[in-house]
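Okay, thanks for having me, everyone. I'll put the structure up and then walk you through a few spots, one at a time.

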Amino acid sequence: MTGWGSALPDKVVTNEDLAARLDTSDAWITERTGIRQRHMGGTTSELAVEAGRQAIASAGLEARDIDILVLATTTPDEVVPGTSASVQEGLGLSCGAFDVNAACSGFVYGLVVAHSLTLAGMRRVLLIGSETLSRITDLDDRSLAVIVGDGAGAVVLEATGGPGELISFDLGADGSLRHLLHCPHGGVLYMDGKEVFRKAVRVVVDSSLKALDGAGLGADQIDLFVPHQANARIITAAAERLGIPPERCVVTIDRYGNTSSASIPLALADALDTGRLTPGSLVLLSGFGGGMTWASAVLRWGG
Ligand code: COA
């Protein structure tokens with residue numbers, strides 16, 4: 001990964017803002033989810049273009065250098081075409097572009113796809129996770145309105161001879177659980193929060209252990225754990241079971257809420273911007289979401 005970027009809508013919605021119009025409170029939201037505020041607004045393509053532009057610039061590249069665009073999203077602007085088409089035009093890219101939808105696991109699925117494309121000869125891949133969950137949420141439903149947030153995160157992957165590498169990964173799905181979290185065409189999100197919570201902790205732990213096993217590493221060797229940001233209690237429970245101490249976990253949910261496939265690249269960008277990754281750092285990414293899907297990856301940071 002040679003460049004990264006992030007984008008958040010200007011509008012910040014605090015817990016107090018929600019408590020002013022819903023039967024909820026800052027105390028309940030903070031205690032049950034760890035969220036204090038989230039950003040809402042914009043379109044998936046606008047946010048993706050902004051994050052993508054930053055990632056290309058921070059890699060020291062121009063739009064023409066990108067060989068392929070992979071956009072992870074579960075909140076496309078339209079059913080047809082893929083939102084990657086608007087993003088491709090918005091960034092002035094001249095390469096192929098396609099969407100990946102694995103719900104909140106989309107970024108890690110996209111990372112594995114992007115990595116495979118470098119093995120297939122593409123030198124520079126732009127991978128973006130971008131979401132506007134607020135658009136498919138009934139904002140009068142207190143159980144979901146307090147959780148969702150909008151945003152985008154992007155990385156440039158380059159096939160280089162440096163030390164940075166994707167060491168191992170685990171991708172999984174169980175389609176028999178798709179009723180737990182879904183949104184019909186033209187409808188709004190439905191979530192069985194309790195059941196998703198229960199399953200989420202288990203799949204994050206199991207999937208992380210599989211990826212670690214594939215890398216021949218123990219959780220104690222991981223320098224930074226970058227989990228999907230769905231609920232601070234899920235992150236704490238999964239990290240505790242893996243034996244990863246809090247100081248090695250990236251938590252951004254307090255500021256961004258659940259931004260689905262944007263949450264891991266936003267958390268990664270946050271860790272990079274605050275100097276939490278150095279060359280050689282071992283990083284574990286792990287996400288889960290509707291499907292259900294789950295995905296984990298172990299990386300060595302190249303710097
Ligand atoms: N404010 C105040 N009370 C709320 C509330 C809110 N925003 N939302 C729900 N409640 C109430 C419920 O109505 C219920 O009241 P009752 O006991 O009188 O029936 C009570 O709080 C407990 O509800 P419950 O659903 O058991 O809460 P919870 O502790 O499980 O927290 C979630 C709810 C959604 C935060 C939690 O289940 C969760 O995070 N699940 C996983 C979600 C997830 O990961 N989604 C993304 C997947 S990618």
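Let's start with Thr252. Setting aside residues up to four places away in sequence, Thr252 touches Gln229, Ala267 and Asp270. You'll find Thr252 in the loop between helix 8 and helix 9. Is it buried or exposed? Thr252 has a relative accessible area of 1%, so it goes down as buried. And before I go on, please keep in mind that this is a predicted model.

Next along is another loop. Ser260 sits between helix 9, which is residues 253-256, and helix 10, which is residues 263-273. Its backbone is worth a look: phi of Ser260 is near 50°, a positive value in a residue that isn't glycine. Ser260 is at 1% relative accessibility, so we call it buried.

There's another case to put beside that. Ala103 isn't glycine either, and it has a positive phi near 50°. Where is Ala103? It's in the loop between strand 5 and helix 5, and helix 5 runs over 106-119. With a relative accessible area of 12%, Ala103 counts as buried, because the cut-off for that is under 20%.

Okay, on to helix 4. That's residues 83-91, and its buried residues are Thr83, Ser84, Val87 and Leu91. Now imagine looking down the axis of helix 4: those buried residues fall within an arc of 95°, so they line one face of the helix. What covers them? The cover includes helix 3 (44-58), plus strand 4 (68-72), strand 5 (96-100) and strand 6 (124-132).

Let's stay with helix 3 for a moment. The axes of helix 3 and helix 4 come within 9 Å and cross at roughly 45°. That angle makes the two helices oblique to each other, and their crossing is right-handed. Who makes the contact? From helix 3 we have Thr44, Ser45, Ala48, Val49, Gly52 and Arg53, and from helix 4 we have Thr83, Ser86, Val87, Gly90 and Leu91. Sort those by class and you get 4 nonpolar, 6 polar and 1 charged.

Ala85 is in helix 4 too. At 37% relative accessibility, Ala85 counts as partly exposed, because that class lies between 20% and 50%. Ala85 and Ser45 are 40 residues apart along the chain, and their C-alpha atoms are separated by 8.9 Å.

Now for what sits on either side of helix 4. Just after the helix, Gly92 takes a positive phi of about 70°. On the other side, Pro81 is in the loop between strand 4 and helix 4. How are Val80 and Pro81 joined? By a cis peptide bond, with omega at about 0°.

And that brings me to another cis peptide bond, this one joining Gly291 and Met292, where omega is about -15°. Met292 is in the loop between strand 12, which is 282-289, and strand 13, which is 293-300.

What does Asp174 contact there? Leaving out its neighbours within four places in sequence, Asp174 is in contact with Gly291, Met292 and Trp294. So both residues of that cis bond are on the contact list of Asp174. Asp174 itself lies in the loop between strand 8 (165-173) and strand 9 (181-182). It's partly exposed, at 28% relative accessibility. From Asp174 to Gly290 is 116 residues in sequence, and 9.5 Å in space, C-alpha to C-alpha.

One more helix pair and I'm done. Helix 7 is residues 193-215 and helix 8 is residues 232-242; their axes come within 9 Å and cross at roughly 40°. So helix 7 and helix 8 are oblique to each other. Helix 7 passes helix 8 in a right-handed crossing. On the helix 7 side, the contact is made by Phe197, Ala200, Val201, Val204, Val205, Ser208 and Leu209, and on the helix 8 side by Arg233, Ile234, Ala237, Ala238, Arg241 and Leu242. How do those residues divide by class? There are 10 nonpolar, 1 polar and 2 charged. Compare that with the contact of helix 3 with helix 4, where the split was 4 nonpolar, 6 polar and 1 charged.

That's my tour, thanks for listening.

Technical notes. Residues are numbered from 1 along each chain as its sequence is written. This is a predicted model: local features need pLDDT of at least 70, side-chain atom pairs count only at pLDDT 80 or more; totals for chains, interfaces and linings use all residues. Side-chain values use heavy atoms; hydrogens and water are left out. Axes are lines fitted to C-alpha atoms, for helices over the stretch in contact, and angles run from 0 to 180 degrees between N-to-C directions. Helices (H or I, at least four residues) and strands (E, at least two) are DSSP runs, numbered from the N terminus. Angles under 35 degrees count as roughly parallel, over 145 as roughly antiparallel, 65 to 115 as roughly perpendicular and the rest as oblique. A crossing is left-handed if the near helix is turned anticlockwise from the far one by less than a right angle, and right-handed if clockwise. Contact means heavy atoms within 4.5 Å. Ala, Val, Leu, Ile, Met, Phe, Trp, Tyr, Cys and Pro count as nonpolar, Asp, Glu, Lys and Arg as charged, and the others, Gly among them, as polar. Buried means under 20% relative accessible area, exposed over 50%, partly exposed in between (1.4 Å probe, protein chains only). The arc is that of the directions from the helix axis to the C-beta atoms.
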